[in-house]
Amino acid sequence: MVELLAWTTASAGDHQHTGRLVGVAQALRDDTGTVAAGDLDPRNKDYHARCETRVRQALGPAGFEQALTAGYAVDGLDQAIAYALGTSAGAGSAAPPAAASPLTVREEQVAALIAQGMTNRRIAAELVLSPRTVDNHVDRIRAKLGFSSRARIAAWWAAHRVAVA
């Protein structure tokens with residue numbers, strides 16, 4: 001069920017939490033000796049692969065591995081369930097809180113895609129938004145960070161992700 005929660009969380013765009021949930025699911029499988037959802041139903045392999053790809057693209061390889069490792073570090077079933085449910089008992093023990101960002105989750109998604117070199121039109125297609133909505137997000141990101149160019153946003157994103165790691 002944690003794996004399914006990860007897939008849903010990925011589709012909602014919370015990539016950091018998704019990466020941790022994937023780690024929690026793997027830890028639970030390893031602890032209990034159960035198989036992955038994809039081993040039970042081949043369609044689920046595709047869901048897992050798409051989830052992992054989406055999170056790797058958003059967080060970058062190092063960020064993905066960090067989130068996965070943080071989720072895998074849960075200590076036992078009780079902490080895993082608490083983390084998956086977002087209760088305080090497990091949320092803090094599964095991973096340290098991320099560094100504070102002035103951006104909303106959606107703005108961070110947009111910044112991550114800018115850092116990958118995507119145009120606003122391509123970002124809109126990726127996030128299923130209108131190009132004008134993406135333009136507005138980019139304008140707000142620039143205003144919040146005090147930048148005038150996309151290159152500065154990309155550099156900030158790279159530095160922000162490294163600082164969190």
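1. A quick definition to start: a residue is called buried when its relative accessible area is under 20%. Asparagine 120 comes in at 16%, so it counts as buried. Keep in mind as you read that this is a predicted model.

2. Where does asparagine 120 sit? It lies in helix α8, which covers residues 120–127. And what does it touch? Setting aside neighbours within four places in sequence, asparagine 120 is in contact with Val134, Asp135, Val138 and Arg150.

3. Now the nonpolar side of things. In soluble globular proteins, nonpolar side chains tend to be buried together. Here, the largest nonpolar core has 19 residues, and the ones touching the most other members are Val2, Leu21 and Val24. Helices α1 (2–12), α2 (15–32), α4 (42–72) and α5 (76–85) are the elements that each put two or more residues into this core. The largest share comes from α2, with six residues.

4. Have a look at valine 2 while you're there. With neighbours within four places in sequence left out, valine 2 is in contact with Leu21, Val24, Ala25, Leu28 and Ala84. Apart from this core there is another one, made of 18 residues, including Ala112, Ile114, Val138 and Leu145. You've met Val138 already, as one of the contacts of asparagine 120.

5. How do α1 and α2 pack? Their axes are 8 Å apart, at an angle of about 165°. Anything over 145 degrees counts as roughly antiparallel, so that is the label for α1 against α2. Their crossing is left-handed.

6. If you want to click through that α1 and α2 contact, here are the residues. On the α1 side they are Val2, Glu3, Leu5, Ala6, Thr9 and Ala10. Facing them from α2 are His15, His17, Thr18, Leu21, Val22, Val24, Ala25, Leu28 and Arg29. Val2, Leu21 and Val24 turn up here, and they are also the residues that touch the most other members of the largest nonpolar core.

7. Last point, the aromatics. How many aromatic pairs does the structure hold? Just one. Tryptophan 156 and tryptophan 157 make up the pair, with 6.3 Å from centre to centre and 50° between the planes, and the arrangement is tilted. Are these two tryptophans buried or exposed? Tryptophan 156 has a relative accessible area of 16% and tryptophan 157 has 8%. The cut-off for buried is under 20%, so both count as buried.

Technical notes:
Residues numbered from 1 in each chain as written. Predicted model: local features only at pLDDT ≥ 70, side-chain atom pairs only at ≥ 80, totals over all residues. Heavy atoms only, no water. Phe/Tyr/Trp six-rings, centres within 6.5 Å; stacked < 30°, edge-to-face > 60°. Buried < 20%, exposed > 50% of the residue type's maximum accessible area, 1.4 Å probe, protein only. Core = buried A, V, L, I, M, F, W, Y, C linked by side-chain atoms within 4.5 Å. Helix = DSSP H or I, 4+ residues; strand = E, 2+ residues; numbered from the N terminus. Contact = heavy atoms within 4.5 Å. Axes fitted to C-alpha atoms, helices over the stretch in contact; angles between N-to-C directions. Parallel < 35°, antiparallel > 145°, perpendicular 65-115°, else oblique. Left-handed = near helix turned anticlockwise from the far one by under 90°.
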